[in-house]
Each structure stands twice: as C-alpha cells, then as structure tokens.
Amino acid sequence: MWHDEISSVMSIQQIVPAKQDNQSGPVYIMDVQGDYSFDDFLEQDGAENDSQMIDYVAGNITKGIIPVPVIYDARQLEQVYHIVKGEVK
C-alpha cells in the first residue's frame, strides 16, 4: 500500500548544499514513484504556478496523514531547473 510513497521518500537526495555567501537554500531531488493522482490534478487545470504544483505533490506523498512542509523560493526553483538541464548556474 505504501510502496510508492516509501520509495519516493527514500530517494530524496541533497544535490546542492545551502550557501551562506548568497543566502541560497539547499536543493533536493526526489524520484517520485506512482502518480499521486497527478493526472486528476492536471485534468482539473493543474496549478497556476510551480509553488502550487509542489504543494500538491508534497501533500499527496503521505496521503494527507503526515503534513510535508516544503520551503522554496524562486531562486531555488531556478537553480533546480538549471541543475536538471545539466547547466551550472
């Protein structure tokens, strides 16, 4: 029952540590297993921004039983984008 959720949480890895010199936070990646009803989410017009999408996925990892706080800002999201694309920024 919890195979996808446990696999997803176990895959979390820090790929960039926090940097005090520019006050950037750490960056993590996670290999999401399962769909967490994401297709239903998209059929209902999805999200207006990245923050709403992240909140949806994070909230569904534990099926609402355990709250999953996510701290992010635009700089962190941009940094993740460049890392995933293989670009160093």
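Ser-11 lies in the loop that joins helix H1 (3-10) to strand S1 (13-16). In this predicted model, its relative accessible area is 18%, so Ser-11 is classed as buried, the limit for that class being under 20%. The side chain of Ser-11 also takes part in a contact with the backbone: the distance to the backbone nitrogen of Asp-31 is 2.8 Å.

From this buried position, the description turns to the charged surface. A patch of negative charge is formed there by Asp-4, Asp-35, Asp-39, Asp-40 and Glu-43. Which helix supplies the largest share of the negative patch? That helix is H2, spanning residues 38-43, and its contribution amounts to 3 residues. Glu-43, one of the members of the patch, is placed in helix H2. Its relative accessibility is 66%, and Glu-43 therefore counts as exposed, since this class requires a value over 50%.

Beyond H2, the chain enters the loop between H2 and helix H3 (50-61), and Asp-45 is found in this loop. Is Asp-45 buried or exposed? Asp-45 counts as exposed because its relative accessibility is 70%. The backbone of Asp-45 deserves separate mention: its phi angle is positive, at about 80°, although the residue is not a glycine.

Taken together, these residues offer two settings for a loop position. Ser-11, in the loop between H1 and S1, is buried, whereas Asp-45, in the loop between H2 and H3, is exposed.

Definitions and conventions:
Residues numbered from 1 in each chain as written. Heavy atoms only, no water. Patch = residues over 30% accessible without salt bridge, like charges linked within 9 Å, V, L, I, M, F, W, Y side chains within 5 Å. Areas by Shrake-Rupley, 256 points an atom, 1.4 Å probe, with all protein chains shown as cover. Salt bridge = Lys/Arg side-chain N within 4 Å of Asp/Glu carboxyl O. Lys, Arg positive; Asp, Glu negative; His and termini not counted. Charge placed at Lys NZ, Arg CZ, Asp CG, Glu CD. Helix = DSSP H or I, 4+ residues; strand = E, 2+ residues; numbered from the N terminus. Buried < 20%, exposed > 50% of the residue type's maximum accessible area, 1.4 Å probe, protein only. Polar contact = N/O pair within 3.5 Å; in protein donor to acceptor, adjacent residues only side chain to side chain.
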